[in-house]
Amino acid sequence: MSLELSVEMEIVIITILLSGIQYIGSELVECPLNHFKLKGMESCHPWLDCEDLDSITVIKRLGTGAVKDVFLADWKGFLLALSIPVNPTFLEDFMAGVNVLKLLNSNKYVVQYIGYCNRTYALLTEYHAKGNAADFLSKISPYNVMKGLEFCHQYALILNHLHNGPAGKRVFCDSNSLDKLLSQLLVTSDEQLILNDVDALPEVVNVSGVKCGKQQLHGTFVAPEQLWNRNEPFSDNLMPSYNEKTDIWKAGTVCGHFLNKASDGVWVRYRLYEFHSKCKNHEPLSRPNAEELVIEYSKVADEYMNHSDL
């Protein structure tokens, strides 16, 4: 048995055993290729296309970003999110996001793809009323530490899906600050985290690496290899590329944010201190990978559940 296969099996086994942090969100139904199923539907339905637009009613605008407008829409009594590009300059980014979303579906880590019309560039996805994680976490009351660990574990699973999933090795680029990163995640009705915005997920091919945009990045949230370190004006042409280990650098801060909201998370934060310090290693190759994040958070949750006096 290969090391890669054994690690994957360990992730599955630990997730099944630790019922406190396994996925218990919206029921994941196996549908035929190019089909979807929403809560309340009796059977799977083919992806929607341009012919279905007449049966869709726009209710209100949910938000506007650099790439797209997002609206709440109704389709035969089911609420959907309708996304439309706002600027022709970003149409290529929008289309890339549509294609990546198709590749990443259907699973419990990414918002469900419902359909697309190539005449109007209208993308339809599943609607989640609790909104994005940034807004959700800013409003809710403190929770227990197991809830915080559950969020850490779910985020690690999302990264693992991006780094080792069907769409190749993808870098979560739209994450240059904590609030920006959290705004890219949705919270389901039973408070599970899923990835929503996939417009900026460049693929790492071989050892070529990627660059997250053509602008200079700043701050301590982004990885050091994403910063311009020359004593001369920034030049995208001279800026070195990097890989998915930039996501690992940020992961410790993300998990720490989830745990800081927990009223009883002191022991867990202490327990994860050394591991999260490895995530902040200035040498990317020395950081853990996403699979190791999943395993570590599962392991710590197991320890905590088995020692109720902690």
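Select helix H4 (residues 145–164) together with helix H9 (residues 290–306), and look at where the two meet, with contact meaning heavy atoms within 4.5 Å. On the H4 side you will find Val145, Met146, Leu149, Cys152, His153, Ala156, Leu157, Leu159, Asn160, His163 and Asn164, and on the H9 side Ala290, Glu291, Leu293, Val294, Tyr297, Ser298, Val300, Ala301, Tyr304 and Met305. By class, this contact has 15 nonpolar, five polar and one charged residues, where Ala, Val, Leu, Ile, Met, Phe, Trp, Tyr, Cys and Pro count as nonpolar, Asp, Glu, Lys and Arg as charged, and the others, Gly among them, as polar.

This is a predicted model, in which local features need pLDDT of at least 70 and side-chain atom pairs count only at pLDDT 80 or more, while totals for chains, interfaces and linings use all residues. Residues are numbered from 1 along each chain as its sequence is written, and side-chain values use heavy atoms, with hydrogens and water left out. Helices (H or I, at least four residues) and strands (E, at least two) are DSSP runs, numbered from the N terminus.

Keep H4 and H9 selected and compare their directions: their axes come within 8 Å and cross at roughly 160 degrees. The axes are lines fitted to C-alpha atoms, for helices over the stretch in contact, and angles run from 0 to 180 degrees between N-to-C directions. H4 is therefore roughly antiparallel to H9, given that angles under 35 degrees count as roughly parallel, over 145 as roughly antiparallel, 65 to 115 as roughly perpendicular and the rest as oblique. The crossing of H4 and H9 is left-handed; a crossing has that name if the near helix is turned anticlockwise from the far one by less than a right angle, and is right-handed if clockwise.

Next, add helix H6 (residues 245–260). The axes of H4 and H6 come within 8 Å and cross at roughly 160 degrees, and this crossing is right-handed. Among the H4 residues that meet H6 are Phe151 and Tyr155, and the H6 residues that they and others meet include Val254 and Phe258. The contact of H4 with H6 divides into 12 nonpolar, two polar and one charged residues.

Now hide H4 and look at H6 with H9, which pack at an angle of about 25 degrees with their axes 11 Å apart, and are therefore roughly parallel to each other. Ile248, Ala251 and Cys255 of H6 make the contact with Ala290, Leu293 and Tyr297 of H9, a set with six nonpolar, no polar and no charged residues.

Move on to the sheet, where five strands form an open sheet in the order S3-S4-S5-S7-S6 with antiparallel pairing; two strands pair if DSSP finds at least two bridges between them. The edge strands are S3 and strand S6 (113–117), each pairing on one side only. Neighbouring strands of this sheet are turned by 25 degrees against each other on average, direction ignored.

Select strand S3 (residues 56–64) and strand S4 (residues 68–75), which seven bridges join and which form a hairpin with three residues between them; here glycine 63 stands opposite valine 70. At the other edge, S6 and strand S7 (residues 122–126) pair over four bridges, with cysteine 117 and alanine 122 as bridge partners. Then add helix H2 (residues 91–104), which lies across S4, strand S5 (78–85), S6 and S7 and runs at about 140 degrees to S6.

Finish at the disulfides, pairs of cysteine sulfur atoms within 2.5 Å, of which a search of the whole structure finds four. One of them joins cysteine 31 to cysteine 44, with S to S at 1.9 Å. The torsion about its S-S bond is about -80 degrees, so this disulfide is left-handed. Cysteine 31 lies in the loop between helix H1 (3–17) and strand S1 (35–36) and cysteine 44 in the loop between S1 and strand S2 (45–46), so the pair ties together parts that are 13 residues apart in sequence.
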